[in-house]
Amino acid sequence: MEPETETPDAPLSEATPLEQLTLAFEGLLDQGSVFAEGLLRPWNAYQVAIALGLIALAWVLTRAFGPRIRAWMASREGWPTWRMRILVIVHRRLFLIFFVLLLWSVVLIMREVTWPSRSYLLSVFAELATAWLFVAVVARLIRSPVLRSLARYGAWIYVTIAILNLREEVGALLDSVGFSLGGIRLSLLGLLQAVLFVALLVMAARFLTRTSTARIEKNEDLSPSMRVLVVKAIQVLLYGAAIYIGLRASGVDLTGLAVLSGAIGVGLGFGLQKVVSNLVSGVIILLDKSIKPGDVISLGDTFGWIQTLGARYASVVTRDGKEYLIPNEDLITNQVVNWSHTNEFVRLDIHFGTSYGDDPHLVRRIAIEAAMAVDRVLTDRKPVCHIIGFGDSSVDYILRFWIRDPTGGLTNIRGNVFLALWDAFQENGISIPFPQREVRMLGDSTPPGR
């Protein structure tokens with residue numbers, strides 16, 4: 001008879017995903033059962049009771065000193081804002097601060113008077129509380145509430161797993177939850193790592209973008225359109241690099257996604273033609289400097305000044321406070337009147353008529369003097385007045401004058417000039433004719449022969 005041979009167990013790497021998940025979960029259960037059994041030992045139970053007593057004591061101290069510290073903070077008038085923010089953070093974390101101080105005090109005393117093993121659990125509790133306090137304070141530096149919450153809870157979970165020495169078991173459990181897509185292995189662990197790395201790098205890119213944007217906007221050597229172009233280029237470069245480096249650092253093989261991303265790109269290309277057109281149009285506008293922030297433009301019925309130039313649209317604010325988001329493609333393909341493209345000077349025309357009995361030479365002189373008396377009308381570019389025709393009931397004139405602040409409005413300056421003309425004509429006895437019609441009521445006529 002041939003000797004029996006033992007079949008070796010299959011390695012963990014050759015196990016199915018379900019078997020890997022089961023093994024990882026069983027490892028965590030074993031760790032939990034060992035920890036629960038350890039709590040039943042006398043000295044471990046004593047340490048848990050001491051920790052609960054310290055929690056109650058920290059709550060009492062918070063209730064006692066919290067209102068006093070708040071009243072003291074309210075009396076600190078004239079302190080810098082950053083110092084008051086630190087005091088607010090300390091006041092909100094007062095319970096955890098008291099608990100950490102009490103825990104470490106008890107741990108140090110017990111290490112001196114008894115065996116170190118009898119304060120092991122308290123040391124673990126102290127490390128966890130200290131790490132949670134540090135994470136809570138550092139997370140306040142993040143302005144976005146959503147990102148702050150994600151960073152705080154994520155860091156709490158990570159430091160808890162690290163202090164309890166469960167990184168390998170939790171990592172194996174998360175890595176077992178996943179599936180294969182072609183030659184790419186997608187797991188929950190890889191997803192969390194990718195999200196973490198990308199989030200950190202995006203935050204760093206956001207900080208660098210804000211810093212560089214503030215410096216670029218203060219640079220007077222660059223034109224407004226060039227500042228916007230440089231800022232947009234820096235944003236695309238930094239955010240793109242952050243996402244790429246984050247995915248590579250988390251172990252994602254981007255070459256394996258080339259075919260999939262190409263197919264998705266083709267589909268998106270057909271569906272996002274307008275978006276791409278607006279993006280390209282925005283770059284063209286910034287490069288040719290046809291319009292820039294602060295210019296006064298009119299597009300169709302929209303008249304206002306450009307507040308911001310975005311990657312997809314331009315923000316135009318009108319005189320009535322409305323903000324229109326005009327796609328960049330419309331600024332390229334449609335006719336746009338830029339009132340301040342080459343310079344700030346704008347010429348306005350108004351039409352009026354006077355009676356045939358008035359001296360046209362006097363009318364022209366009075367009209368020019370009236371226009372020059374208006375505040376926003378330029379005197380170095382003298383207004384002119386010309387006769388443009390002889391109408392049915394009036395002599396028709398055109399008055400032309402210049403302004404240099406179109407952002408102040410066009411309708412209001414025309415109205416002021418018309419009002420000045422009215423006052424000047426009334427003072428000099430010049431009349432403004434208007435069509436008159438006479439209606440006669442005729443009675444019934446008697447037919448002939450009767």
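Author: Let me start with the terms: a residue is buried under 20% relative accessible area, exposed over 50%, and partly exposed in between, with a 1.4 Å probe and protein chains only as cover. This is a predicted model, where local features need pLDDT of at least 70 and side-chain atom pairs count only at pLDDT 80 or more, while totals for chains, interfaces and linings use all residues. Residues are numbered from 1 along each chain as its sequence is written, and side-chain values use heavy atoms, leaving out hydrogens and water.

Reader: Thanks! Why is arginine 347 called partly exposed?

Author: Its relative accessible area is 39%, which lies between the limits of 20% and 50%, so the middle class applies.

Reader: How do you know that aspartate 349 and arginine 347 meet in a salt bridge?

Author: The term asks for a side-chain nitrogen of Lys or Arg within 4 Å of a carboxyl oxygen of Asp or Glu. Here the N to O distance is 3.6 Å, so the pair qualifies. In general, side chains of opposite charge can pair when their charged atoms come close.

Reader: What makes Arg347, Asp349 and Arg400 a network?

Author: Aspartate 349 also meets arginine 400 in a salt bridge, at 3.5 Å from N to O. This pair joins distant parts of the chain, with aspartate 349 in strand β8 and arginine 400 in strand β10, 51 residues apart. Aspartate 349 is partly exposed at 25% relative accessibility, and arginine 400 is partly exposed at 29%. Salt bridges thus link Arg347, Asp349 and Arg400.

Reader: How many salt bridges does the rule give?

Author: The count is four. One of them joins glutamate 369 and arginine 365 at 3.5 Å, N to O. Both lie in helix α13, four residues apart, or about one turn of the helix.

Reader: Why do β8 and β9 count as edges of the sheet?

Author: Strands here are DSSP runs of E with at least two residues, helices are runs of H or I with at least four, and both are numbered from the N terminus. Two strands pair if DSSP finds at least two bridges between them. The open sheet has three strands in the order β8-β10-β9, paired antiparallel. β8 (346–354) and β9 (384–390) each have a single partner strand, so one side of each lacks a neighbour in the sheet.

Reader: How do you know that β9 and β10 pair?

Author: They share six bridges in the antiparallel sense, so the requirement of at least two is met. Across this pairing, histidine 386 stands opposite isoleucine 398 in β10.

Reader: What makes the patch with Leu52 and Phe95 a nonpolar one?

Author: Such a patch takes residues with over 30% relative accessible area and no salt bridge, joining nonpolar side chains (Val, Leu, Ile, Met, Phe, Trp, Tyr) within 5 Å, while like charges are joined within 9 Å. Areas come from the Shrake-Rupley method with a 1.4 Å probe, and for residues only the protein chains shown count as cover. Leu52, Ile55, Leu57, Trp59, Val60 and Phe95 make a patch of about 560 Å², with five residues coming from helix α2 (residues 42–74). Valine 60 is found in helix α2, and its relative accessible area of 45% makes it partly exposed, so this valine passes the 30% limit for patches.
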